[in-house]
Amino acid sequence: MRLLVHSARQLALVTGAGGAAAAAGPLVGPAMHAIAVLESDAGLALVADESGRIEEFGNNTEIMKKWQDTSFDEVVDANGMCVIPGFIDAHTHPIWSGDRINEFIMKLEGATYMDIHKKGGGIYSTVRNTKNASDEELYVSLKSRLTRMMHAGTTVVECKSGYGLDVNSEIRLLKILQKAKEEHPLDISITFCGAHAIPEGMNSTEAVDAVVNDQIPAVKEMKQNGTLNVENIDVFCEKGVFNVEESRKILTAGKNIGLRVNFHGDELCALGSAEMGAQLNATAISHLEEISAEGIAAMANSGVVAVILPTTAFIMHLKPPPVRQLISHGVPVALGTDFNPNAYCLAMPLVMHLACIHLGMTVNEALVASTLNAAASLGRSATNGSIQKGKWADFVIVNAPRWEHIIYQYGAHSHLIYAVIKDGKVVYKNKEFSRSTV
Ligand SMILES: N=CN[C@@H](CCC(=O)O)C(=O)O
Ligand SMILES: [Zn+2]
């Protein structure tokens with residue numbers, strides 16, 4: 001067999017209370033809070049099979065006895081620690097060059113995100129820097145970012161293009177993401193985000209035309225010939241960027257080539273993005289700081305996952321997204337870092353802390369949103385996001401007697417994470433490990 005983890009004190013299963021229910025789909029409403037956590041001072045163990053999937057978990061003594069004659073590729077002693085599912089980061093922009101520290105400072109002095117964008121900064125400045133970077137530079141920085149995410153417990157990550165904005169540049173970024181998907185241990189869900197901004201020198205009609213008639217056909221061809229495994233289509237649906245009808249056209253064209261609809265909506269202005277996304281049967285909509293009551297009802301009715309990005313409201317001093325209303329109306333809520341040059345955060349534990357303190361989520365809800373529900377936003381909830389037989393053995397081992405330390409100890413994840421396991425293989429082990437992190 002591939003892996004034995006033994007002697008853990010807690011296993012946070014992230015299945016419904018009782019252990020079995022709802023593990024193949026997102027958890028909604030009160031079920032987001034009522035998750036099963038196994039606990040035993042006598043120890044708990046998990047086994048992953050040869051393919052890297054969970055074979056079984058439970059009582060240490062029983063499992064050790066049952067598998068005593070089996071050889072394991074790896075054995076992890078998690079004595080007194082907690083095992084939780086690997087985090088799934090539902091929204092990132094990880095491929096770009098050049099920082100935006102000057103803009104960070106301008107914003108501290110009062111400039112807004114949109115002021116900077118309209119003056120050719122923001123996304124436009126990153127597009128210029130990215131065009132000037134070589135493929136190798138972009139790949140090296142992408143890999144380093146993915147590795148840092150992994151060290152913070154992420155095992156699956158959504159990764160967007162979007163700093164190219166023309167067909168050749170966007171395809172270049174998608175190819176580099178594809179290379180990372182093939183070579184990096186993280187499971188990457190690639191998103192085409194050619195409609196991240198209206199390219200300088202174009203109007204919105206020309207930009208929609210370029211995305212629909214140049215970029216999407218190019219993605220389609222590479223998907224069909226097997227060179228690119230792009231899964232999702234995104235657009236920045238926002239006042240001053242793509243309006244609702246323009247976004248609908250782009251998303252529909254993406255959907256027609258088999259991509260899942262997963263886009264930025266209702267972030268800075270209430271445009272009705274959520275309602276439009278629900279009509280298109282979107283898999284997920286991100287941000288939603290300004291979502292309307294109608295938008296919440298529409299998302300709940302069609303089961304669209306709300307990908308909430310606590311770093312955005314925190315960094316930009318925006319009104320926080322209405323997470324409590326989303327949950328109470330039955331919208332499945334997921335979390336993501338939104339890693340991008342405007343919000344340089346790679347770590348899901350920080351995001352969960354902000355989600356609890358700033359947005360009013362419970363610790364259980366934050367864990368569900370960072371695992372099973374984030375998996376649902378990427379079409380992976382049948383295979384990832386909870387500790388259940390047959391799912392990928394993706395775990396974070398938290399060096400503490402209760403799993404909640406990973407949220408409670410703000411900014412301490414690099415000390416608390418003892419190991420990260422992806423498909424039953426240890427992909428990170430903390431060299432600075434010490435038993436006393438509490
Ligand atoms: N809102 C649009 N996209 C990103 C920001 C990208 C950037 O500023 O470079 C976001 O999700 O926050
Ligand atoms: Zn984004």
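This passage describes the residues around ligand 1 and the strand pairings that involve strand 14 and strand 15 in a predicted model.

The shell around ligand 1 is made up of 13 residues, among which Ile-123, Phe-236, Asp-338, Asn-340 and Asn-342 are the closest. When this shell is divided by residue class, 7 of its members are polar, 4 are nonpolar and 2 are charged.

Strand 14, which spans residues 395-398, is covered on both of its faces. Phe-395 and Ile-397 are buried on one side of strand 14, and Val-396 and Val-398, on the other side, are buried as well. Two of these residues also appear in the pairings of strand 14 with strand 5 and with strand 15. Strand 5, formed by residues 82-85, runs antiparallel to strand 14 and is joined to strand 14 by 4 bridges; within this pairing, Pro-85 has Phe-395 of strand 14 as its bridge partner. Strand 15, comprising residues 417-422, likewise pairs with strand 14 in the antiparallel sense, over 4 bridges, and here Ala-419 of strand 15 is the residue opposite Ile-397.

The pairing continues from strand 15 to strand 16 (residues 425-429), the two strands being antiparallel and connected by 4 bridges. Lys-422 is placed opposite Lys-425 of strand 16, and the hairpin that strand 15 and strand 16 form has 2 residues between the strands. In this hairpin, Asp-423 adopts a positive phi near 50°.

Methods. Residues numbered from 1 in each chain as written. Chains lettered and ligands numbered in written order. Predicted model: local features only at pLDDT ≥ 70, side-chain atom pairs only at ≥ 80, totals over all residues. Near = placed C-beta within 6 Å. Nonpolar A, V, L, I, M, F, W, Y, C, P; charged D, E, K, R; others polar. Buried ≥ 20, exposed ≤ 12 C-beta atoms within 10 Å, placed from the backbone. Pairing = 2+ DSSP bridges.
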